[in-house]
Amino acid sequence: MNRVYNFFAGPSTLPLEVLQKMEKDFVNYQGSGLSLIETSHRSKEYDLVHNRAVELTKELLGITDSHTVMMLQGGATMQFGMIPMNLLHSDRFAAYINTGAWAKKAIADARKVGNVEVIWDGADNKYMSLPAISELQIPGEATYLHLTSNETIGGIQWQEWPDTDVPIVADMSSDIMSRPLPMEKFGIVYAGAQKNLAPAGMTLVIMRNDMLDKCASNLTAYLSYKTHAPKNSLYNTPPVFTIWAFANVLEWVKENGGLEGMAVRAAEKAATLYGAIDDSDGFYRCPVDAGVRSKMNVVWRLPTEELEAQFIAQAKGVGMLGLKGHRDVGGCRASIYNAMPPSGVAALAQFMQDFRRNNG
Ligand SMILES: Cc1ncc(COP(=O)(O)O)c(C=O)c1O
């Protein structure tokens with residue numbers, strides 16, 4: 001089989017074992033005579049998959065009945081609006097931390113719904129840094145504190161969590177399930193599936209039940225968490241294919257050491273790539289503050305844009321795809337989510353050395 005290394009930021013690489021398992025089961029799901037994606041979402045076969053996904057989410061994150069797991073649609077983008085619609089009642093305000101491209105989108109949508117106070121903004125440092133925990137002034141009356149745990153475009157990632165009793169609402173689209181989390185701190189964790197969880201089509205929303213109690217009751221059905229939570233995300237037709245893949249990916253995470261295992265794997269891969277950058281005598285340059293470099297999306301520049309274009313084209317020629325930085329920032333980016341094998345990162349680091357030798 002001739003598979004390339006896929007460094008795209010999302011949709012992104014999935015564990016090969018998962019793809020192969022799904023291929024085997026695809027046409028005739030476990031001998032049922034039809035594919036799971038042709039089966040009713042009320043069937044016994046699908047029910048087992050659906051509940052397994054919820055169960056594994058809770059098991060891996062170490063949560064119990066204190067939290068509700070929802071598998072929704074509309075991407076993380078839908079959550080930018082749904083969260084304030086449900087929680088930002090008119091006499092209240094929410095605190096937001098602006099760390100870059102994705103945080104900005106969350107803030108813009110929340111502002112359309114209610115009162116927002118941006119308590120920290122990384123603009124002065126071009127969104128290349130994060131606040132020290134001690135620097136944050138979090139108003140105790142805020143309904144929630146929103147942050148983006150990993151800025152997929154900027155390549156910065158929170159390493160520790162704000163110390164506050166205000167419930168943290170976190171967009172974890174690009175680093176969910178890559179490390180253990182102190183879930184008691186989080187009122188809501190949400191993530192689009194298409195990076196660490198599954199193909200596109202599902203958004204994971206994990207809500208602490210005290211937050212659920214505070215949600216609005218006057219929203220249209222789909223926009224209301226109070227619709228989905230008591231129905232176990234089966235109020236309407238769920239994205240069965242994505243949830244099937246999601247359940248399989250979670251099994252893979254469990255078999256590979258759970259979130260502790262993923263954290264070790266991520267740290268080793270990130271160390272290899274940042275090592276290749278830092279040991280290049282300035283040929284490669286990571287613009288991000290060293291203490292907050294992302295272990296999921298590694299960004300770097302070369303001496304000129306021409307060299308960057310050559311680097312990306314030559315890497316593609318040897319089977320390494322998706323290394324172009326986001327169009328808003330340029331440069332190079334390697335997305336090294338859970339499913340990226342260490343061999344892919346080693347191959348990229350070697351390519352970086354060779355490219356520098358030939359062009360430095
Ligand atoms: C951190 C972050 N938040 C939100 C989104 C938007 O997700 P979706 O496309 O699922 O709406 C992305 C997509 O890349 C992301 O990286």
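Student: What makes the span of helix α7 close to the expected one?

Tutor: In this predicted model, α7 covers residues 240–255 and has 16 residues. The expected span is 1.5 Å times one less than the number of residues, which gives 22 Å for α7, and the helix reaches 23 Å from its first C-alpha to its last.

Student: Which residues of α7 are buried, and what do they pack against?

Tutor: Among the buried residues are Val240, Ile243, Trp244, Phe246, Leu250 and Val253. The buried residues of α7 pack against α1 (16–26), α2 (44–61), β2 (67–72) and α8 (258–278).

Student: Why is Ser233 called buried or exposed?

Tutor: A residue is buried if 20 or more other C-beta atoms lie within 10 Å of its own. Ser233 has 24, so Ser233 is buried. Ser233 lies in the loop between α6 (225–228) and α7, and its phi is positive, near 60 degrees.

Student: And why is Lys126 called buried or exposed?

Tutor: A residue is exposed if 12 or fewer other C-beta atoms lie within 10 Å. Lys126 has 12, so Lys126 is exposed. Lys126 sits in the loop between β4 (115–121) and β5 (145–148).

Student: What makes the phi of Lys126 worth noting?

Tutor: Most residues other than glycine have a negative phi. Lys126 is not a glycine, yet has a positive phi of about 55 degrees.

Student: How do you know whether the peptide bond from Gly10 to Pro11 is cis or trans?

Tutor: Its omega is near -5 degrees, and the bond is cis. Pro11 is in the loop between β1 (5–6) and α1. Gly10 is also one of the residues around the ligand.

Key: Residues are numbered from 1 along each chain as its sequence is written. This is a predicted model: local features need pLDDT of at least 70, side-chain atom pairs count only at pLDDT 80 or more; totals for chains, interfaces and linings use all residues. Helices (H or I, at least four residues) and strands (E, at least two) are DSSP runs, numbered from the N terminus. Two residues are in contact if their C-beta atoms, placed from the backbone, lie within 7 Å. A residue is near a molecule or strand if its C-beta atom, placed from the backbone, lies within 6 Å of it.
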